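Biologist: I'd like to look closely at a single part of this model and follow it outward from there. Please walk me through it step by step, naming the residues as you go.

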Amino acid sequence: MAHPNKAIVIYWGNTDDHLNIPSRTSLSMTLCGVNRKLDYTVTLKTAGDAQGDRVIIDGSEDKGGIRDDFVRHLNIMRHYTGFKQKLIVATKKTFPVGSGLAGSAAAASALAEAFAGLIDGGVDKRRVSIMARRGSGSAARSVFGGFVKLQTGADEESFGVQLWDEKHWDLCDLIAIVDPGMKKVKSREGMRLSKQTCPKKVYSNFVKMAQTHVEQAAKAVAIRDLEGLGKVYEADNMLFRAVCMNTKPPLDYWSSATEDVLAAVIRLRSEGVPAFAGTDAGPNVHILTGSRHAKKVIEKVKEVAGVNEVIHAIPGEGSRRLRKHLL
Ligand code: DP6
């Protein structure tokens, strides 16, 4: 079982697309839902002498893209461990598909955790994180709770490192779920396009600034400095936005509601509320604020036309193994 995470310093682009080895270091907060659960459960069973893997989502078998993603990830894990058997994957998610929340990080870390449990109960978290990353880059971070850094490096060196656990700081991520303006390009495809087509100056500046941003963000988290963290979060996000918009064709993940929420956050700040906004590869806005400001921020953001829901999340736990199978 695992949770999604929100990048404060973003991962976008690989030095190796097959193994998802990131070009830049990233830092995130693993999420625990307050007003809605954000749990992704994956369990595995061996499938005897079956020819292929089967994927059962909420009780129904999937034969499309979701199955393909799981099978691709299972094949990589089988390749690296020598495990041969075909599997039955069963999944359950407490947040709806298409809600625009990064499900892939939670799914791939939950799958890696379940796989580690199947092959050997003793596999350590670092190895689970590497296994998760090979399925989805950001998943390496969801293996750990709280505030997590994903470092670059060779395949065996690129894993999540927990900087502080979920009890360190009651920082809130308020996620404004908005109507998408246009069809989303998947992260995997988007980051490949950015690397190929974004002007060198913009892209290499984005890669270069990661280290500084991670150091600044880590310092701010260490002393629970919301203003300091918010400043780095927004600066890193603007670099990410510049990379997306300079990609050919431009990756404009925002909708008009996204811009309206961003404007509402700036207004809140001018009224003295410390709230800081950024996005992902999608139109939803993630607002970082302190727990005592959450109610006010939610109220204001809900007034923005096009906002369907505001999910209130706080730092959550890392992935864990379950004893009971879903099937
Ligand atoms: C914008 O890890 O979701 O959320 O490997 O295609 O699953 P896949 O990519 P993914 O990309 C995450 C991109 C991001 C930023 C981040 O989480 O750091």
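**Strand pairing and the contacts around it**

Modeller: Happy to! Let's begin with strand β6, which is joined to strand β7 (residues 60–62) by three bridges, the two strands running antiparallel. Please keep in mind throughout that this is a predicted model. To find the pairing by eye, look for Ile 56, which stands opposite Glu 61 in β7. The hairpin formed by β6 and β7 has two residues between the strands, and Asp 58 there takes a positive phi near 45 degrees. β6 itself covers residues 54–57, and it also has a parallel partner: four bridges join it to strand β8 (residues 87–93). A handy landmark for that pairing is Arg 54, whose bridge partner in β8 is Ile 88. So β6 has antiparallel pairing with β7 and parallel pairing with β8.

Now move to strand β4, residues 26–33, where seven of the eight residues are buried. As general background, side chains in a regular strand alternate between the two faces of the sheet. The covered character of β4 goes along with several pairings. Strand β1 (residues 5–9) runs antiparallel to β4, with four bridges between them, and Ala 7 has Ser 28 in β4 as its bridge partner. Ser 28 is a good residue to stay on for a moment, since its bridge partner in β9 is Val 148. That contact belongs to the pairing of β4 with strand β9 (residues 147–150), which is antiparallel and has four bridges. Strand β14 (residues 307–315) is a further antiparallel partner of β4, joined to it by three bridges; here Gly 33 stands opposite Ala 313.

From β1 we can step across to a side-chain contact. Lys 6 and Asp 280 form a salt bridge, with N to O at 3.1 Å. Because Lys 6 is in β1 and Asp 280 is in strand β12 (residues 275–280), this pair ties together parts that lie 274 residues apart in sequence. The two ends sit in unlike surroundings: Lys 6 has a relative accessibility of 1% and so counts as buried, whereas Asp 280, at 22%, counts as partly exposed. The cut-off behind those labels is that buried means under 20%.

That contact is one of 17 salt bridges found in a search of the whole structure. Among the others, Arg 269 pairs with Glu 234, their closest N and O atoms being 2.9 Å apart. This pair links distant parts of the chain, with Arg 269 in helix α8 (residues 256–270) and Glu 234 in helix α7 (residues 226–245), 35 residues apart. Arg 269 is partly exposed, with a relative accessible area of 29%.

Stay with α7 for one more pair: the side chains of Arg 241 and Asp 252 meet in a salt bridge at 2.9 Å, N to O. Here Arg 241 belongs to α7, while Asp 252 is in the loop between α7 and α8, and the two are eleven residues apart. Arg 241 has a relative accessible area of 14% and is therefore buried, while Asp 252, at 27%, is partly exposed. Finally, have a look at a joined-up set: Arg 127, Arg 133, Arg 134, Asp 155 and Glu 156 form one network through salt bridges that share partners.

Definitions and conventions:
Residues numbered from 1 in each chain as written. Predicted model: local features only at pLDDT ≥ 70, side-chain atom pairs only at ≥ 80, totals over all residues. Heavy atoms only, no water. Pairing = 2+ DSSP bridges. Buried < 20%, exposed > 50% of the residue type's maximum accessible area, 1.4 Å probe, protein only. Salt bridge = Lys/Arg side-chain N within 4 Å of Asp/Glu carboxyl O.
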